Every structure is written in structure tokens, then in C-alpha cells.
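Open the model in your viewer and get your selection box ready. We will go from one stop to the next, saying what to pick and what you will find there.

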Amino acid sequence: MNAKKLSVILFFVLLFLLPILTFVLPKKTFSESENRVLTTMPAPTLDNITDKKFMNGFEGYFSDHFVLRDQWIAAKTQVELAAGKKEIGGVFLTKDRMMEDVSKPDQTLVDKNLAAIKTYADRHSSVSVLLAPTSAEIYKDELPPNAPVLDQSAWIASAYEKLGANAHPIDAVSALHKAKNKEIYYRTDHHWTSLGAFTAYQASGDVLGFTPLSASAFEVERASDQFLGTLYSKTLYNGIGKDSIDLYHYQDDNAVSEVVVNAGSKKSSYQSIYFRDFLDKKDKYSVFLGSNQPVVTVKTGNKNGKKLLIFKDSYAHCYAQFLIPHYEEIALVDLRYINGSYEKYLESSDYDQTLFLYNVSTFTTDNSIQKLALAQ
Amino acid sequence: MVFSSLTFLYVFLPVVFLLYFILPKKAKNIVLLLSGLLFYAWGEPVYVLLLILTASVDYTAGRLLDKYDDRPKLRASFLIGALVINLGLLAVFKYTSFFVVNANGLFGLNINDPKLPLPIGISFYTFQSLSYTLDMYMRKIKVQKNYLSYLTYVTLFPQIVAGPIVRYSDVANEIDERKTTVSLAGEGVGQFVRGLGKKVLLANNIGALWTLVKGIPADELPMMTAWLGILAFTFQIYFDFSGYSDMACGLGKVMGFHFPENFNYPYLSKSISEFWRRWHITLGSWFKSYVYIPLGGNRGGTAKTLRNLLVVWFLTGLWHGASWNFILWGVYYGVIIICEKLFLMKFLDKLPSFIRIVYSFFLVVMGWVLFDIDGLGAAGNFYKALFGFGKGGLMDGNSLYLLSTYALIFVLCILGSTDYPKKLANKLIHKFKYACYLAPAYELGLMLVCTAFLVNATYNPFLYFRF
């Protein structure tokens, strides 16, 4: 056979084979590996066609359900690495870990966020702020040389200076730096591990007003060693291996009496802060208090009358397990999931302490904290 | 629709090819016509009507020019009528905002800018269709009496949205009578896949670097970052545009068409005049045939030649977009080409090839600054950074990081801009008996890698939305 003929045959085989397989093979509605709902086929109505919703939807559908999608994505990551790329889709790939790229923030946004906290702190008593660095700060020596990342340590220090006298900063950075040889951040996910959160917890006692317990007060349970996190989902890069998830149980049988998840439309009640159903799914980090919800309230067996309100992102979910010995009630409020004022869920005056807990990545890109001003 | 999408590659193309090759000869043009309309309507579900209107105007003009062949005055009025409608539509949909904003600014008026969205490819298809009327008027071609054949020509999906500008005369015979051969199809497949690779692997990847650099305010750019950025754009626009043209020509060959080639290693040019004979060839030759020569070309003495050149280059700039930076970019080339014609060429001829290539490449890169940076102030700051007069200094950590990240892609882009890979392939094929089978293997590999990049496309822009 001559080469031209072979070119034509190979091209046409590929051209027909891939779409036929795509349409014939069964479809998923959810991608476990990418951890997201896949696009559904749009309806070809006249309106959808004239405003191009149908076309865009179809392209999204076809790409989402393309045969061997995960393998194609993984292959692309390998080719990009071979071509000298060190960062793929906002994720640094190094020998030992993946790290989220936290770049220079939009300072106007950040200043507004800080001002919102300051205003809140001026009106409430006992307000603390914990800005948590992400792994790219703690392991910056593992990043590619000259990678243009934010100096999170210096940035957090400068942010703390803008908070005013009534918001008390918690320095977790130095403690985390000291603990960098331990597994304090997941290698395939953007969160800190329980050990990382524990390290931050130990650094929080002075400001929050309790004596932190030592590690021996908790019983550590390895809940999973099969965790592939959000950074893996973005790259489908297999070169790092899997992470383990540890749960730190406070050794007191009656520690948690009730966990109430208020999703706005409905309230559900649980017995534990660990949502073990998630351990069988892709999104295993959600074993800590479930996925992000508007308000989650944890009631403990403590009768010390101390109630803590936390405005937070998901870093707080794993941190919260260490607060159980110290509070009677902990409310976690995620302003990103609340339309309007948080006051339709709870009154801040019912709580005698407030903590703002965000990682630098969320805090520098999300403006939902400014919704605090909507409260009376 | 764009070529570099999974939907085009793995839904549109197989369906169209299947129908095209199993249906009898008579139905083939219908398949082409319907697929062309669908291809265009996929991106412009409403403006597709405008495309049909343009084609109908030129078809009618052609018939009338043919019918009243012995009535010169009538013929002139048909030509003018067609020109007014064709260019009028182009002016309304592409240049209204530009006129309004400038008129408001210049005369202190307060006309409301209607902000009409620009129909994709309007500059390409208007010029294509217009070539028919102009050639009919000049009696260079035979009339096309079959409306569907004419509409098929205008809507040919391979070239409708991003060129090459295929004149009616280029395909006048093939539109009604053409043959696919295995050898031509094989050549077409190869050209298409290589074009896809240029776009998806080289242009998109190096383009991401330009996007990063453009995100840094021009007055803070270190010199090295500015150079990396503008070189990235230099390669992005070449591989994107020539990749599209290759894909178009390749698809044409699979169906038996011979579209004119649009690029011929332009970055190896030894003068700017030569650059424009190797870059977007079909646009340059369009302006030459229908503007420069009708204006008198170089036959009316130096002053008239210069005027004609400036008109052509003003229009070339304006064709690329309704904005002053494009006009300036066009005039920039007009001035350089005039200089070359008047005195520079004599001097250049004495220099070694390598220096001439560097000279041309340097001026082209300087041109891309005007082309892709909106606003004279920003372009000025960018030039300052390029020559080390910016506030960003010589380089910073980020410059080094970008260099180390993109070094290999730059090397591939540089190699890909030359004809060395082609020469090497030809050498191998002549030397080794089975080396010819490297081509299908290479194409298969390229197609697979492109598919992987399209499945997870993070950056896949369409650069010609302003054309």
C-alpha cells in the first residue's frame, strides 16, 4: 500500500471511530475523576439556536462525554510536561506534590475584604482572623525556579496590619513552616491535612483563649489512603500517588451531640462531624462536615457556654474537629453560598466569639466576605 | 464553527465526508452547500442570511453583466450597484462603530453607537464573492448560471471564515467538475493534520505566553518579558493563521479542490516586499488585482505609484479591523515598502541573506506590536520596554521563569517557521525506501495529540473575529 493511501485510511478510521464510540458507549452524568457534573445535551429549540445556547451546549456535551476523556486529559498533561511546562491549568507539578498557583492578588478586592472584616470587628467583641497559607507557600523551595508566585507569608503579615485593633490575627504561617517535614498538606489536593489544621490549631490557642490539647488527646484514624484531590482532578496526573486522610477523634464519647446542616432550602441533622459517605466517593475531603453549605452548626457535649461563629472556606472543615473540646457550639458560615445577609440563618449576637478562617487563595479571589456589610 | 474543535473534527467532518463520498456526483454540491450553511450558521445563526444576501447580489450582478455584455454603461452601473451593496454591508457591520466613535470625537457629536456584532468572516467572504463580480466586469471569467453552484462556492466551509481568499476564478472549473484521487486526498489529509497541529499545538501554546505578558501593564514590563511576549505573538499569529489556511487547503484537496496557498515561510523573507508576497498571499494578490492595478499600478510615474501603494496599504490595514492600530499597521508597511522600492532595496541586495532575514523579521515583529496592542499609548510603552527604556528594567524572576517554561516551545516554533523540517523529510524519503511511511505515522500521532489538547482545551482562541 502506498503511503498516501495509508494516510487517508488512518485519518478516516480515526475520524469515524472516535465519534461512533462516543455516541454508542454509555454516558455518565458525573465525572468522578474531575469531580464535576457533566454537561447535558441541550434542546434544539429555535431560541436556543438563535442565541447559540444549543451550539455551545452541544460542544460542551460532546467534549464532556468524548470517548476516553480522562485518558486524553492525562495524555495532554504528559505531553505538556515533556514540552517543558511546569504549571498546568494553574497547578504546579513538582516531583513530590502538586500545588495550586496562588498569584499576585487584585489588591483592591483584598482591601475591600479586609475592610469588611475590620468593620465587623469594630462592632463585635472577640474577633479573630486566621489566614492560612497554601502549600505553595510552605513548599516554595520545591517550586520551579523563579516561579512567579505570591509571597504568602509577607502578604499575610501585611494583610494583618490592615485589620485594626479589634480583629486579632492568628499566626499559623510560622508554625506550619516549622512542621513542613510532616504531611501537613495533601499532595494532590489544595487543602491542608488534619495534621496541618492541628498545627494551626495549636498556634490559635492564645488568640482564641483556650489551652490547645496535645496530639495525644486525639485518636487518629486513617480513614482513607486512596484520596486523589482537586489538583489531581485538574491535571489527571498520576505521577504523585495517592493521599491519606486522617480523622482526629477527640477521646470523649459524648464530644459531639448534633451536627445541623442548613442548606437554606432544608435542614438536616447528623450525629457526627465525619460524613463517611464521602470516603467512597471522589471528593473524600468532604468527610469533614460534608461539602460547602451555607451554615453548619456543631453542638458538642460541652456545657461551658462558649459559642464560636466561623466565617470560612473549606479549610475550616478540617480545623473544626479540634475545636470540639473547647466550645459548646460552633457555627460555620460560608458566605459564598449565601445570597444576601447571613442573618436569615443566625444572629451574630448569639455567639461570643467570631473567627474568620480563609486560605490565601480564597481570600484573594473571592469577594463574598463583603456581604457582611448587608447585616444590620 | 471553527476547525480546532472536537465538534468540527469528530461530528461535522465525518458526517459531511460520509454523505459527500457515498452520494452520487450530482448531489455532492448540495452536500457541500448545506454543510457550508450549517458550518457558518453554527457560529452565526442569524447572520447566515447576510451571507446568502451577499452571494445573491454577486450572482445577480454576474448574470446581468453577462446578459448586457454590449452595454458598457449598463455594465458599469451593475458593477457599481454590486460594489455599493457588498462594501456597504461590510461598512455597516464592520466599521459603523469605528465611524461613529471617531465622528463623535472629531466633531463633538453625540451619535449613538449601535454596536452591531461583527459577522464572522465577513471580510473574507465579501472579498471572495466580490472577486466574481469584478472578474465578470473585466471579462476574465465565464458566467456561472447555476445559482446553487455559485452559493456553493461562496459557502465552501473550508475557507469561509478565515481564508484563504479563494477567488471564483481559482475554482471556476472545479466547482462543477472535480475529482478526488487517493494521492490528492492523502496530500490533503497530511496538510490538514499539519495545519491542525500548527494551530492546536504551536499557536495555542505559545499564544498562552502572549496572553500572560499582555496581562502585565506595559509600563511595568521588563525588557526580556516584552521580547518573549511579542515573539510569542509573532509565532502565534503565524501558526494560527497559516494553520487555518493549511487546514482549508487540505480539506479542499480531500474533496478535489485546489485552493491557492496562503503562506510560504514568510519569516524567511529577505525584505518586507517579499514578506508580503509570502504572508496572507491571497489578500495581497486580491488588493493587487482589484485595487493597485485598476488605480494604475506603477505605470503612472513615481508620484502616482506612491499614492497607489499608500491607498493599498491603508486599505490592507483597515481590512484587518476597524481600529486605528490596524490602519497604522498597514501604513507602516506601506511606508517600508515605499522605502524599499525607492532606495532600500539597492542597499539590501548587497547584504548577506542572513542579515536580510533578520532585518525583515525585526520589522515584522515591530509591526505586530502595532497590530495587537490597542491604543497608541500602550503600544508606545511596549516599544519602550522592548528597547530597555521602560520602568520594568532588564528582566525579573518572572522573565526567567517564562523563558524556561517556554524555551522548548520556542525552539519548535522557530524550526516550524523554516523549511528545514520539510527538506529533512524529503531527504529521508529519497534516501530510505520505507521512510515514506513516516508521514502517515507522524500524521496519526499528531492527530492523536491534537485530540488530547482539544478534549481539555484551556486556551483555544479564534483570532480573526475582528477581520
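How far apart should the ends of helix α2 of chain B be at 1.5 Å a residue, and how far apart are they? Select residues 25–43 of chain B to find out. The helix has 19 residues, so at that rise it should span 27 Å; its end C-alpha atoms lie 29 Å apart, which agrees. Bear in mind throughout that this is a predicted model.

**Stop 1: what α2(B) packs against**

Stay on α2(B) and colour its buried residues: Val31(B), Leu32(B), Leu33(B), Ser35(B), Gly36(B), Phe39(B), Tyr40(B) and Trp42(B). Now show their surroundings. These buried residues pack against α1, α3 and α6 of chain B, and also against α3 of chain A.

**Stop 2: α3(B) beside α5(B)**

Next, select helix α3 of chain B, residues 48–67, together with α5(B). Two packed helices are described by the angle between their axes and the distance between the axes. Here the axes are 9 Å apart and the angle is about 5 degrees. That angle is under 35 degrees, so α3(B) counts as roughly parallel to α5(B).

To see the contact itself, show side chains on both helices. From α3(B) come Leu51(B), Thr54(B), Ala55(B), Asp58(B), Ala61(B), Gly62(B), Leu65(B) and Asp66(B). Among the residues they meet in α5(B) are Tyr125(B), Tyr132(B), Met136(B) and Tyr137(B). Colour the contact by class and you should count nine nonpolar, five polar and two charged residues.

**Stop 3: a positive phi after α5(B)**

Move on to Arg139(B), in the loop between α5 and α6 (147–155) of chain B. Most residues other than glycine have a negative phi. Arg139(B), although not a glycine, has a positive phi of about 60 degrees. Is Arg139(B) buried or exposed? It has 11 C-beta neighbours inside 10 Å, so it counts as exposed.

For a companion case, jump to chain A and select Asn146(A), which lies in the loop between α6 (135–138) and α7 (152–161). Asn146(A) is not a glycine either, and its phi is positive, at about 65 degrees. With 17 other C-beta atoms within 10 Å, Asn146(A) is partly exposed.

**Stop 4: the two domains of chain B**

Colour chain B by its domain assignment, which gives domain 1 as 6–178 and domain 2 as 184–455. The C-alpha centres of these two domains of chain B lie 26 Å apart. How many residues does each domain put into the contact? Domain 1 of chain B gives 21 residues and domain 2 of chain B gives 21 residues. On the domain 1 side, α1, α4 (72–107), α5 (122–137) and α7 (168–171) of chain B each supply at least two residues. By class, that side of domain 1 of chain B holds 12 nonpolar, five polar and four charged residues.

**Stop 5: where chain B touches chain A**

Now show both chains. In this contact, 40 residues of chain B meet 37 residues of chain A. On the chain B side, α1, α8 (182–214), α16 (397–417) and α18 (438–455) each supply at least two residues. Which helix gives the largest share? It is α18(B), with 10 residues. The whole chain B side divides into 27 nonpolar, 11 polar and two charged residues.

Zoom in on α18(B). Its 18 residues reach 26 Å from first C-alpha to last, close to the 26 Å expected at 1.5 Å a residue. Its buried residues include Met447(B), Cys450(B), Phe453(B) and Leu454(B). Among the elements covering the buried residues of α18(B) are α1 (3–24), α3 and α4 (69–82) of chain A, along with α1 and α8 of chain B.

**Stop 6: a crossing between the chains**

Finish by selecting helix α3 of chain A (residues 53–64) and helix α1 of chain B (residues 6–22). Their axes come within 10 Å and cross at roughly 90 degrees, so α3(A) and α1(B) are roughly perpendicular to each other. At the crossing, Phe58(A), Glu59(A), Phe62(A) and Ser63(A) meet Leu6(B), Thr7(B) and Val11(B). By class, the residues of this contact are four nonpolar, two polar and one charged.

Methods: Residues numbered from 1 in each chain as written. Chains lettered and ligands numbered in written order. Predicted model: local features only at pLDDT ≥ 70, side-chain atom pairs only at ≥ 80, totals over all residues. Axes fitted to C-alpha atoms, helices over the stretch in contact; angles between N-to-C directions. Helix = DSSP H or I, 4+ residues; strand = E, 2+ residues; numbered from the N terminus. Parallel < 35°, antiparallel > 145°, perpendicular 65-115°, else oblique. Contact = placed C-beta atoms within 7 Å. Nonpolar A, V, L, I, M, F, W, Y, C, P; charged D, E, K, R; others polar. Expected span 1.5 Å × (residues − 1). Buried ≥ 20, exposed ≤ 12 C-beta atoms within 10 Å, placed from the backbone. Domains from an automatic or database assignment.
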